[in-house]
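Please open the structure in a viewer and keep the sequence panel visible beside it. The tour below proceeds by selections, each followed by a description of what is found there.

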Amino acid sequence: MFDYRARCVVVSTKDIVTTLQQRHKLDPITTIALGRAINCAAMLASTLKSEVDYISCTWRGKGLLETVFAECNGAGECRGYTTPESVAEDLEIAELIPEKVSDVLGSEGTLTVIHGRRDGVSKPYTAILEFMNGEIASDIAHYLAESEQIPSAVAAGVKLSPTGEVLSSGGVLVQKIAGTNLDEKTLKELEVNMAEKLNISDRLAKGESVVDILNFLTNDTEEHTLLLARDLSFKCTCSRDRMSSALVLLGEDQIKTILDEFGKIETRCPFCAHTELFSLEELTRQ
Ligand SMILES: [Zn+2]
């Protein structure tokens with residue numbers, strides 16, 4: 001079927017999504033939305049070579065869930081967040097784990113994909129598209145087809161226990177290798193097969209390996225060559241020094257106002273929810 005004309009990426013991100021869920025105190029549906037987004041960012045970042053290269057994806061919808069942000073660099077380090085972090089208080093109990101992310105994100109909105117390099121020199125490449133349907137993976141397939149001109153089939157899923165614990169999170173990306181004659185029909189058939197039978201999160205939750213999933217995608221019949229295996233991890237680029245510099249920029253008066261109002265000077269990284277406390281002396285002596 002593929003005859004070495006397709007490139008396939010499979011990611012498993014249970015630990016990362018569990019960490020994000022705990023750090024940001026996500027509810028079930030925001031966990032699923034962010035997990036799918038992390039899977040997609042990690043798959044897009046699989047071609048990056050260095051930790052200074054990164055891909056970020058931001059969904060801005062028109063539903064209760066306003067933003068889903070996921071980023072991954074060439075070293076497999078991922079971070080992400082949603083705003084708000086929970087929409088559970090606005091949902092009926094029966095809707096708490098909806099089938100569709102678009103029920104809360106909306107089926108209309110924009111997806112921004114940034115392909116950048118943290119070297120202080122290169123300008124990032126930015127693509128902005130309308131949602132395909134707000135289901136995360138299909139929006140990424142749409143981005144790849146429209147902006148990168150790479151016909152692709154994309155799936156991403158997160159499986160939760162009835163109490164909301166992350167049982168699995170993963171994604172699959174299959175795309176035509178440039179210059180080959182893989183026809184759209186073969187990819188379309190694969191897309192249907194993936195939609196009907198793959199269920200990536202169920203397979204990972206049952207303990208299937210990346211190789212098992214590759215075998216399913218190729219009907220157990222085809223040879224494949226492993227090009228790259230990379231560990232994925234949660235990591236943010238924030239640091240106490242950067243947080244301190246950002247506070248210093250506010251100026252002494254503003255910092256004193258914060259201290260008077262809140263009784264402490266604390267910053268929280270929006271990307272990873274890490275908090276740091278600072279003293280007035282520390283910030284004003286520079
Ligand atoms: Zn951070």
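Is E135 buried or exposed? The model is a predicted one, and in it E135 is buried, because its relative accessible area is 15% and the limit for a buried residue is under 20%.

**Stop 1: E135 and its surroundings**

Select E135 in the loop that runs between β6 (125-130) and α4 (137-146). Next, display its contacts: beyond the neighbours within four places in sequence, E135 is in contact with R36, K100, V101 and S102. Of these, S102 deserves a distance label, since its side chain and that of E135 are joined by a polar contact of 2.6 Å. For orientation, T186 may be added to the selection; 51 residues separate T186 from E135 along the chain, and their C-alpha atoms are 23 Å apart.

**Stop 2: helix α4**

From E135, continue along the chain into α4. Its buried residues are A137, D139, I140, A141, Y143 and L144. Show these six as sticks and then colour the elements against which they pack: α2, β2 (53-61), β5 (109-117), β6, β7 (152-160) and β8 (166-176).

Now isolate I140. With neighbours up to four places away in sequence left aside, I140 is in contact with C40, L44, C57, W59, L111 and V154.

**Stop 3: the nonpolar cores**

Which residues have the most contacts inside the largest nonpolar core? They are C57, W59, I140 and V154, within a core of 49 residues. Select helix α2 (residues 28-44) next, as it contributes the largest share of this core, 11 residues. A second core, separate from the one just described, has 16 residues, and F2, V174, L198 and I213 are among them.

**Stop 4: strand β2 and the loop after β7**

Select Y54, which lies in strand β2. Y54 counts as buried because its relative accessible area is 13%. Residues up to four places away in sequence apart, Y54 touches L48, E71, C72, N73, I114, H115, G116, R117 and R118. A distance drawn from the C-alpha atom of Y54 to that of F278, 224 residues away along the chain, gives 30 Å.

Then move to S161, in the loop between β7 and β8. Here too the residue is buried, with a relative accessible area of 7%. G106 is 55 residues from S161 along the chain, and the separation of their C-alpha atoms is 24 Å.

**Stop 5: backbone geometry**

Most residues other than glycine have a negative phi, and most peptide bonds are trans. Three places in this model merit inspection on that account.

- Select T83 and P84: the peptide bond from T83 to P84 is cis, with omega near -10 degrees. P84 is located in the loop between β4 (77-83) and α3 (102-105).
- Select Q149, in the loop between α4 and β7. Its phi is positive, near 55 degrees, and Q149 counts as exposed because its relative accessibility is 60%.
- Select N199, in the loop between α5 (184-198) and α6 (200-205). The phi of N199 is likewise positive, near 40 degrees; at 40% relative accessibility, N199 counts as partly exposed.

**Stop 6: cysteines**

Select the cysteines. How many disulfides does the structure hold? It holds zero. Two cysteines may be examined individually: C236 is buried, with a relative accessible area of 14%, and C269 is also buried, at 6% relative accessibility.

**Stop 7: the two domains**

Finally, colour the chain by its domain assignment, which gives domain 1 (6-234) and domain 2 (240-284). The C-alpha centres of these domains lie 34 Å apart. Where they meet, eight residues of domain 1 are in contact with six residues of domain 2.

The size of an interface is often given as the accessible area lost when the parts come together. For domain 1 and domain 2, the buried area is about 600 Å², with 53% of it on carbon and sulfur atoms. As a last selection, take R23, R79 and Y81: these supply 59% of the area that domain 1 buries against domain 2, more than any other three residues.

Key: Residues are numbered from 1 along each chain as its sequence is written. This is a predicted model: local features need pLDDT of at least 70, side-chain atom pairs count only at pLDDT 80 or more; totals for chains, interfaces and linings use all residues. Side-chain values use heavy atoms; hydrogens and water are left out. A nonpolar core is a set of buried Ala, Val, Leu, Ile, Met, Phe, Trp, Tyr and Cys residues joined through side-chain atoms within 4.5 Å. Buried means under 20% relative accessible area, exposed over 50%, partly exposed in between (1.4 Å probe, protein chains only). Helices (H or I, at least four residues) and strands (E, at least two) are DSSP runs, numbered from the N terminus. Contact means heavy atoms within 4.5 Å. A disulfide is a pair of cysteine sulfur atoms within 2.5 Å. A polar contact is a pair of N or O atoms within 3.5 Å; within protein, one must be able to donate a hydrogen and the other to accept it, and residues adjacent in sequence count only if both atoms are side-chain atoms. Domain bounds come from an automatic or database domain assignment. Buried area is the accessible area (1.4 Å probe) that two parts lose on being put together, summed over both.
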